[in-house]
Amino acid sequence: MTEISLTCDVNIYSDLCSSGQMTDLLYTEKDLVTSLKDYIRAEENKLERVKRWADKLDLLTATATQDPEGFLGHPVNAFKLMKRLNTEWGDLESLVLSDTTDGFISNLTIQRQYFPTDEDQTGAAKALLRLQDTYRLDANTISVGNLPGVKHKSHMTVEDCYELGKIAYSEADYYHTELWMAQALKQLDEGEQSTFDKVTVLDYLSYAIYQQGEIERALGFTKRLLELDPEHQRAKGNSKYFEFQLEKQRKALEKNPKHQIPERTKYQMLCRGEGIRMTPRRQSRLFCRYYDNNHHPMYVLAPVKQQDEWDRPYIVRYLDIISDKETERVKQLAKPRLRRATISNPITGVLETASYRISKSAWLTGYEDPMIEKINQRIEDLTGLEMDTAEELQVANYGVGGQYEPHFDFGRKDEPDAFKELGTGNRIATWLFYMSDVAAGGATVFPDVGAAVWPQKGTAVFWYNLFASGEGDYSTRHAACPVLVGNKWVSNKWIHERGQEWRRPCGLSENE
């Protein structure tokens with residue numbers, strides 16, 4: 001599938017929310033807390049006034065009832081009694097019945113339209129589970145907040161762990177159900193107070209383990225549940241069923257044939273900084289240099305810093321190539337337009353969201369802001385490629401869990417109409433700006449060759465997607481790793497074939 005455009009807006013999370021929108025939610029919640037405190041103060045003020053009235057009358061009536069006739073013999077006391085009962089008690093009734101919730105409730109109603117939905121919450125949970133898998137984080141590490149690079153630790157309660165496990169359970173994801181129900185149970189065993197009890201957690205945990213084929217372990221947790229609640233009907237039935245199954249299936253054969261490492265495994269290994277290592281001989285051929293693109297007038301006196309990242313495919317990085325001022329301007333222009341990124345289905349041609357591409361994107365044109373035109377010109381000057389036929393500058397924001405799984409930028413032979421509507425040929429090359437540092441995660445990886453390029457603010461990487469012959473270079477299949485901590489801003493330029501005939505002449509051999 002080839003990514004070419006965007007859809008209209010979607011829900012706040014959709015597996016990922018851009019950092020800008022999540023920040024807005026934080027301020028929304030802060031505003032609601034302020035409103036709630038105002039309501040509490042109003043209620044406390046009202047109760048204080050009622051209390052003062054009650055204390056005053058308690059003292060007065062205690063004195064008056066000791067000698068009622070003598071007390072009422074004083075004409076002022078008689079008048080004040082009439083006044084209190086006729087007027088002041090009515091005022092007190094109005095005070096007690098007065099509604100101080102109006103401000104808070106109206107504010108809550110207004111803000112509720114921006115609240116995340118159940119779908120958003122599920123998306124946030126899936127993003128967390130995806131990070132857990134990619135970076136091999138155990139549930140306890142996440143629960144206590146010990147993530148690399150974090151500034152603000154956040155501890156997960158039993159309720160949080162239970163909710164994460166339940167969302168996984170609703171998706172029939174029994175592996176993660178087990179991990180998070182086990183974490184909830186661990187925290188309960190350590191004495192943490194919770195509205196959930198061990199029986200409820202054990203019920204989910206034992207069933208999730210059974211669904212993964214570990215009947216003996218499932219039976220063990222079921223027996224523990226029955227120790228706590230001997231009359232639990234489902235557990236009693238499950239216990240008998242598990243024992244019956246164990247009699248039939250004592251030996252489960254684990255199929256583990258030797259085969260090539262699956263692409264997803266290589267992708268996740270590279271995201272963790274593991275995997276293929278370049279040989280010292282190949283590494284010795286990678287250099288850094290000052291680059292002026294064959295004495296280009298713009299760079300003869302001020303060449304740019306360039307360094308080789310990989311040899312095959314040739315991936316090069318430009319350092320200090322976009323300023324902080326330019327980065328902030330690009331973000332400023334993009335933020336109001338960020339929408340969930342889509343891919344083009346090669347069969348139907350319909351633009352659709354996909355679980356393997358999770359980010360928010362926006363397109364910026366050169367004619368709408370001089371700075372964008374200046375950036376486009378810089379790419380042309382350094383690559384020597386024509387920008388008039390390139391796609392607009394695409395800006396993408398990956399929040400926590402944001403990713404783009406392995407894909408090609410170019411259209412393959414089985415996608416003959418991938419860029420037909422553009423009329424500019426295939427995507428010959430990719431230029432990618434890194435507009436932020438990332439605390440943890442977020443690398444650009446090439447699973448087939450073992451390359452991993454890490455985000456570095458102010459730099460850009462460049463590679464050709466096609467050989468000079470026009471054939472696709474399948475070694476450029478790449479992915480954006482999930483962001484573990486922080487958020488990632490990038491912008492990219494997809495450069496097309498048309499207009500490059502004299503700038504990058506066609507090669508004679510297929511892989512030239």
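1. Let me start with a working term: a residue is called buried when its relative accessible area is under 20%, and exposed when that value is over 50%. With that in hand, a few notes on this predicted model. Helix α15, at residues 370-383, is a good place to apply the term, since 10 of its 14 residues are buried and the helix is mostly covered. The buried set runs Met371, Ile372, Ile375, Asn376, Arg378, Ile379, Glu380, Asp381, Leu382 and Thr383. You will notice that charged side chains, Arg378, Glu380 and Asp381, are in that list alongside the nonpolar ones.

2. Staying with α15, its geometry is easy to check. From first C-alpha to last, the helix reaches 20 Å, close to the 20 Å expected for its 14 residues at 1.5 Å a residue. What caps the N-terminal end of α15? Asp369 does, with a side-chain oxygen 2.9 Å from the backbone nitrogen of Met371. After the helix comes Gly384, where phi is positive, near 75 degrees.

3. Now the chain as a whole. I count on the assignment of 15 helices and 18 strands here. Of the 512 residues, 46% are buried. Among contacts with a separation of 6 or more, 75% join residues 24 or more positions apart. The chain exposes about 27800 Å², and carbon and sulfur atoms supply 54% of that area.

4. The nonpolar interior deserves a look. As background, nonpolar side chains in soluble globular proteins tend to be buried together. In this model the largest nonpolar core has 44 residues, and Tyr135, Trp180, Val201, Val445, Cys481 and Leu484 have the most contacts inside it. Which helix gives the most to this core? It is α9, residues 198-211, with seven residues. The core also draws on two domains, taking at least three residues from each of domain 2 (118-250) and domain 3 (267-496). Apart from this core lies another, of 34 residues, which includes Ile375, Val395, Met435 and Ala460. Ile375 is also one of the buried residues of α15.

5. Tyr135 is worth opening in your viewer. Leaving out residues up to four places away in sequence, Tyr135 touches Cys271, Arg272, Gly441, Gly442, Cys481, Pro482 and Leu484. Two of these partners, Cys481 and Leu484, are listed with Tyr135 among the residues with the most contacts inside the largest core.

6. Next, the pairing around Gly165. This glycine sits in helix α7, residues 158-170. Is Gly165 buried or exposed? It is buried, because its relative accessible area is 0%. Beyond its neighbours within four places in sequence, Gly165 is in contact with Thr177, Trp180 and Met181. The C-alpha atoms of Gly165 and Met181 are 5.6 Å apart, although 16 residues separate the two in sequence. Trp180 reappears here, having been named as one of the residues with the most contacts in the largest core.

7. Two polar residues in helices also caught my eye. Glu178 lies in helix α8, residues 174-189, and counts as buried because its relative accessibility is 12%. Outside its sequence neighbours up to four places away, Glu178 touches Leu205, Ala208, Ile209, Gln212 and Arg217. Ser239 belongs to helix α11, residues 233-248, and is buried because its relative accessible area is 9%. Its contacts beyond four places in sequence are with Leu219, Thr222 and Leu226.

8. Finally, some backbone details to inspect in the loops. Pro313, between β2 (304-310) and β3 (315-319), follows a cis peptide bond from Arg312, with omega near 0 degrees. Asn294 is in the loop between β1 (288-291) and β2. Its phi is near 55 degrees, positive in a residue other than glycine, and Asn294 is exposed, with a relative accessible area of 69%. Asp320, in the loop between β3 and α14 (324-334), likewise has a positive phi, near 50 degrees. At 57% relative accessibility, Asp320 counts as exposed.

Definitions and conventions: Residues are numbered from 1 along each chain as its sequence is written. This is a predicted model: local features need pLDDT of at least 70, side-chain atom pairs count only at pLDDT 80 or more; totals for chains, interfaces and linings use all residues. Side-chain values use heavy atoms; hydrogens and water are left out. Helices (H or I, at least four residues) and strands (E, at least two) are DSSP runs, numbered from the N terminus. Buried means under 20% relative accessible area, exposed over 50%, partly exposed in between (1.4 Å probe, protein chains only). Contact means heavy atoms within 4.5 Å. Accessible areas come from the Shrake-Rupley method with a 1.4 Å probe; for residues, only the protein chains shown count as cover. A nonpolar core is a set of buried Ala, Val, Leu, Ile, Met, Phe, Trp, Tyr and Cys residues joined through side-chain atoms within 4.5 Å. Domain bounds come from an automatic or database domain assignment. The expected span of a helix is 1.5 Å times one less than its number of residues. A polar contact is a pair of N or O atoms within 3.5 Å; within protein, one must be able to donate a hydrogen and the other to accept it, and residues adjacent in sequence count only if both atoms are side-chain atoms.
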